[in-house]
Amino acid sequence: RYSSLFFFLPFQGAGKEIREAIADPSPECQEKAWNIVIPLVEKLKRCYEHSLELERIVPKLLGQLVGGRLNPTQHLETQQALVKQLAEILEFVLKFDEYKMKTPAIQNDFSYYRRIASRQRLDQTNEMIISTELANRMSLFYAHATPMLKVLSEATSKFVQDNSDNVDNTTETLGTMAKVCLRMLENPKLLAQIEREETHLLLLRVMVGLVILYDHVHPVGA
């Protein structure tokens, strides 16, 4: 499950140690802050690498869900495993971005790492954690309020551009999935069967994610 890939949680941050290192430039304080920041930066690197995987996988997933002779409804009925996979991706993306927006330590810690790495020119030593080029790309990624959603939206838009014959099928598939989520949320009997609040939230997140993607790829928006 994509929710299990929340390997970066919890992100405690190194704000206290960074403030101490700024106030006290002694080697001891500097080393203490650095040793705490490094594992956090490695977590951020893994998350960024995961976004690259999403960028690669999502077009393939959409290609299976909208291509061929089946209409969107038939695709959704016969390829439920792929539909479930797309739903889990959407849930992961929205949960990741929600956490990122509520955690300023992510950007603060990474900014501190970049300042120190630049000062010490770590790219030229065995202590290198990430290259300067990768750090620049990661900085651009985390600068966005919703970085994972941006990656997902752009990957979906690129899929539509590269498969212009399937634009209608793509939008209809996204729209149909969103309507299914809405019907489930509006049906009192179905809601009564949902015992876990997390399942209810999953439906809400998936529906919102689908509407956002639909808005990105439909010629006139949602």
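The paragraphs below walk through some helix contacts, a salt bridge and a pocket in this structure, which is a predicted model.

A good place to begin is helix α1, which covers residues 15-23, and its meeting with helix α5, which covers residues 105-120. The axes of these two helices come within 10 Å and cross at roughly 40 degrees, and the crossing of α1 and α5 is left-handed. On the α1 side the residues involved are G15, I18, A21 and I22, and they meet D109, Y112 and R115 in α5. Sorted by class, this contact has four nonpolar, one polar and two charged residues.

Helix α1 also holds a salt bridge, in which the side chains of E20 and K16 meet at 2.8 Å, taken from N to O. E20 and K16 are four residues apart in helix α1, so about one helical turn separates them. In general, side chains of opposite charge can pair when their charged atoms come close. Across the whole structure, a search finds nine salt bridges.

Helix α5 has a further partner in helix α2, which runs over residues 27-66. Here the two helices pack at an angle of about 120 degrees, with their axes 9 Å apart, and the crossing of α2 and α5 is again described as left-handed. From α2 come Q30, A33, W34, V37, I38, L40, V41 and L44, which meet I106, D109, F110, Y112, Y113, I116 and A117 in α5. The residues of this contact divide into 13 nonpolar, one polar and one charged. D109 and Y112 of α5 appear in the contact with α1 and in the contact with α2.

The last stop is the largest pocket, whose volume is about 430 Å³. Of the 17 residues that line this pocket, V83, K84, A87, M177 and V180 are the closest to its centre. Which helices each supply at least two residues of the lining? They are α3 (72-78), α4 (80-101), α8 (167-186) and α10 (197-217). By class, the lining of the largest pocket is made up of 10 nonpolar, three polar and four charged residues.

Note on methods:
Residues are numbered from 1 along each chain as its sequence is written. This is a predicted model: local features need pLDDT of at least 70, side-chain atom pairs count only at pLDDT 80 or more; totals for chains, interfaces and linings use all residues. Side-chain values use heavy atoms; hydrogens and water are left out. Axes are lines fitted to C-alpha atoms, for helices over the stretch in contact, and angles run from 0 to 180 degrees between N-to-C directions. A crossing is left-handed if the near helix is turned anticlockwise from the far one by less than a right angle, and right-handed if clockwise. Contact means heavy atoms within 4.5 Å. Ala, Val, Leu, Ile, Met, Phe, Trp, Tyr, Cys and Pro count as nonpolar, Asp, Glu, Lys and Arg as charged, and the others, Gly among them, as polar. On a 1 Å grid over the protein atoms alone, a cavity is a set of points where a 1.4 Å probe fits but cannot get out, and a pocket is an open set with protein on both sides within 12 Å along at least five of seven lines; lining residues have an atom within 4 Å of a point. Grid points are joined across faces, edges and corners, and a volume is the space filled by probe spheres set on the points. A salt bridge is a side-chain nitrogen of Lys or Arg within 4 Å of a carboxyl oxygen of Asp or Glu.
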